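Let's walk through this one together, starting with how two of its parts meet and ending with a single side chain.

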Amino acid sequence: MAPIKAEDFIGSIADSLQYISYYHPVDFIRAMARAYEQEKSQAARDAIGQILQNSKMCAIGRRPICQDTGIVTVFVRLGMNCRFESTMTLQEMIDEGVTRAYGDPSNPLRKSIVADPAGSRKNTGTNAPAVVHVEMVPGENVEVQIAAKGGGSENKSKMAMLTPTDSIVDWVTKTLPTMGAGWCPPGILGIGIGGTIDKAMCLAKQSLMDPIDIQDLQARGPANRLEELRLQIYDAANALGIGAQGLGGLHTVLDVKILDYPTHAASLPVAMIPNCAATRHIHFTLDGSGPATFAPPDLDQWPEITGDGGSDARRVNLDAITKKEIATWQAGETLLLSGKILTGRDAAHRRIQQLLEAGKPLPEGVDFNGRFIYYVGPVDPVGDEVVGPAGPTTSTRMDKYTSMMLGQTGLYGMIGKAERGDATIELIKRHGAVYLMAVGGAAYLVAKAIKTSRIVAFGDLGMEAIYEFEVKDMPVTVAVDAAGQAVHKTGPAFWQQEIAKLAR
């Protein structure tokens, strides 16, 4: 039995994380390509097309699929007779691999992990520590399942302690719409059933490591109760009409994965965790013979997207925008934005709030009057890039600041992903403002529209600093227009009815 060298293990962790940052699993690409071909909603089809275009660009350029390069989760199956040639602990070796991967100068990944989560929330600067689960199994090898999970989808995780007679399908059908579109559908639902609630959550997360195979299951038919349940939930979830990016359509989930575990006779713990359009995971085994190797996928696996890229879209000059022009935009309309925009996420909004409450001016260069804000935390650039992948973050988190931004700063509009709350929609209508949606999961594609980038304030916040971007033909959808019409409400409602007609 050859011992596993620390360097082989650490290097394999680092290489795997770099690999999954720019290569989607091939099964995911095939499932998305199938969804693209079958989708009847033009808005949803366009969104899926952008995700596939972005994916191929990242595979070619070896740059991150999404600007949120995730929190690292590792499931380790450690053989009882496995030996490491190392004085480091398993956690230390994994964290060293994470640190190397996220600091790789050829493809730096965004560091999103903060320590003291209920206090200072200071960035660790390495994206470590990883979340590690270890299971002891027979044998001499170490098997690793590793994923980089984005915060937008992780934040939508749900759990419940049902009674033994409750319907899991009904719970999923009721719960899924409450998750909004911040998890960037279409994706995969991971469901854990049984054990205790913490076990159910782990099962849900681990189930997401399995490949997409729902079409094979549909073709051959279920062989057991869990497979029946997968098909029932898959059909029920897609019948909701939520669709890609929450715009309404046929494809909300690409697959449903389930793992279960024996539980107490009085209990039915259930957990649901979604994987987003930046599905990133890979598996490898080490036996002491050297590090793992990862072969690039064949680029022919990606479909050719023949869309015209928005030839009928309205071009907008943000540097000369007026409220009168904004009032002519219609919910669901595609725009191509050019001009200067400012960025800002949670931490920047909090600082703006503190300055305004203290009666202090905003930093020089931070003038939102008549301008748009983009909710984004970009990846660092490499080579001749102006900025790294820079897709939108979930806008709902900024709802609490919208009254301040629209009422006190002169802001005209916001750009992000997913829906806005009812109170925020009313604020948008009251101020004659607008909310625009960029496609989550198309970060590298979006970054190509950014022609200049500079930090104008709060540089110590890293990716949460306020940047000024100059964009050229940045594609967005009018998600909430100045009259308060919201596509994340009208789209799913329409397609839920259409799907019901198709099922008759």
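How many salt bridges does the rule find across the interface of domain 2 and domain 3? Zero, where a salt bridge is a side-chain nitrogen of Lys or Arg within 4 Å of a carboxyl oxygen of Asp or Glu. Keep in mind that this is a predicted model, where local features need pLDDT of at least 70 and side-chain atom pairs count only at pLDDT 80 or more, while totals for chains, interfaces and linings use all residues. Residues are numbered from 1 along each chain as its sequence is written, and side-chain values use heavy atoms, with hydrogens and water left out.

Back to the two partners: domain 2 covers 151-277 and domain 3 covers 314-491, with bounds from an automatic or database domain assignment. Their C-alpha centres sit 32 Å apart. The contact (heavy atoms within 4.5 Å) involves 12 residues of domain 2 and 13 residues of domain 3. About 870 Å² is buried between them, 57% of it from carbon and sulfur atoms; that is the accessible area (1.4 Å probe) the two parts lose on being put together, summed over both. On the domain 2 side, Cys-184, Gln-245 and Leu-247 lose the most area to domain 3, together 48% of what that side buries.

Now for a residue elsewhere. Arg-100 is found in helix H4, residues 90-102 (helices are DSSP runs of H or I, at least four residues, numbered from the N terminus). Leaving aside neighbours within four places in sequence, Arg-100 is in contact with Glu-7, Ile-10 and Ala-14. Ile-13 is 87 residues away from Arg-100 in sequence, yet 9.0 Å away in space, C-alpha to C-alpha.

Definitions and conventions. Helix = DSSP H or I, 4+ residues; strand = E, 2+ residues; numbered from the N terminus.
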